[in-house]
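User: I'd like to learn how to read a sheet and the helices around it. Could you walk me through one case?

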Amino acid sequence: IGDGLGVLLPIRARGHRPPFFCIHPADGLSWCYQPLARYVPADYPLYGLQARGLHGTDELSRSIREMASDYIEHIRAVQESGPYHLLGWSLGGLVAHEIAVQMQADGEQIAALIIMDSYPRDKEKNLAPAGEAELAGALDMARQRRDPVLATIPEEGIAILMRIIENNDRILRAHGSRRFDGDLMLIVAAENNPRAASAAAMWQPYVSGEILESRLPCSHGEMTRPDMLAQAWNNVSTWLNIKS
């Protein structure tokens, strides 16, 4: 598929403050977070975490918990100890939450857990987590190559992405979220989102602290547009008291 396919994607490696680690959506790629470099102050490094298998050779993750554990090793190769800043959109939100749970169990501090339009499964109501529709949409885009990023990928690369998307669908459906002891910033896509009205309530069983909710005037799939990421960062920086 080309370069930029390692598990750790350096978006901006320089900076003396604790990095932000951004977890991929359904297609396994974190390229979508690159516009954040325009808005996050230059003294904060930015890294993406990407799915194994993008080169077509590695074994795929067998569960969200295994995926999170794998990503923690790569995060610690960059930042040996906390406090950690974690951000995830859609599938990446559930992975970021699981990373936070595992790191906390190891005695690490989480400075920020930021989840963008991602929700845990409601087992009692048998509702799939948000991300399932995005997985289906990503698979459709991979097949039809409507996405501008996917349009640059050769046919064999599309087959690799489809394999990753289908695996992520499987492990997403099997995942059970655990409780994180801390605060959460939840950024919700406000348009065409049946979960928007009860977004914070859906996360309440899995977060012990405060859930700060903010909304973006877009659909789920539009959340990583540069203008939406700019608004998202404005909200994050206010929450964390980060000055430009």
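**Reading the sheet, strand by strand**

Analyst: Happy to! This is a predicted model. Let's begin with a single pair: isoleucine 115 stands opposite leucine 186 in β6.

User: In which sense do β5 and β6 pair, and over how many bridges?

Analyst: The general idea is that strands of a sheet pair through backbone hydrogen bonds, either parallel or antiparallel. Here β5 and strand β6 (residues 184–189) run in the parallel sense, with three bridges between them. Another bridge to look at joins methionine 116 to isoleucine 187 in β6.

User: And which sense holds for β4 and β5?

Analyst: Strand β4 (residues 84–89) also pairs with β5 in the parallel sense, over six bridges. Look for leucine 87, which sits opposite isoleucine 114 in β5. To get from β4 to β5 the chain passes through α2, and this β-α-β crossover is right-handed.

User: What should I notice about α2's length and its surroundings?

Analyst: A useful idea first: an α-helix has 3.6 residues a turn, so residues three or four places apart point the same way. Helix α2 covers residues 91–105, and its 15 residues reach 22 Å from the first C-alpha to the last, close to the 21 Å expected. As for surroundings, α2 is mostly covered, with 13 of its 15 residues buried. Just after α2, glycine 107 has a positive phi of about 90 degrees.

User: Is β5 mostly covered or mostly open?

Analyst: Mostly covered: in strand β5 (residues 110–116), six of the seven residues are buried.

User: What is the strand order in the sheet, and which strands stand at the edges?

Analyst: The sheet is open and has seven strands, in the order β1-β3-β2-β4-β5-β6-β7, with mixed pairing. The edges belong to β1 (8–12) and β7 (211–216); each has a single partner strand, so one side of each lacks a neighbour in the sheet. From one strand to the next, the twist averages 20 degrees.

User: Which strands do α1 and α6 touch?

Analyst: Helix α1 (residues 64–78) packs on the sheet and touches β1, β2 (20–23), β3 (46–49) and β4. The direction of α1 makes about 160 degrees with that of β3. Helix α6 (residues 226–240) packs on the sheet too, touching β2, β4, β5, β6 and β7. For α6, the angle with the direction of β5 is about 150 degrees.

Methods: Residues are numbered from 1 along each chain as its sequence is written. This is a predicted model: local features need pLDDT of at least 70, side-chain atom pairs count only at pLDDT 80 or more; totals for chains, interfaces and linings use all residues. Side-chain values use heavy atoms; hydrogens and water are left out. Helices (H or I, at least four residues) and strands (E, at least two) are DSSP runs, numbered from the N terminus. The expected span of a helix is 1.5 Å times one less than its number of residues. Buried means under 20% relative accessible area, exposed over 50%, partly exposed in between (1.4 Å probe, protein chains only). Two strands pair if DSSP finds at least two bridges between them. A crossover is right-handed if, with the strands pointing away from the viewer, the path from the first strand over the helix to the second runs clockwise. Axes are lines fitted to C-alpha atoms, for helices over the stretch in contact, and angles run from 0 to 180 degrees between N-to-C directions. Contact means heavy atoms within 4.5 Å.
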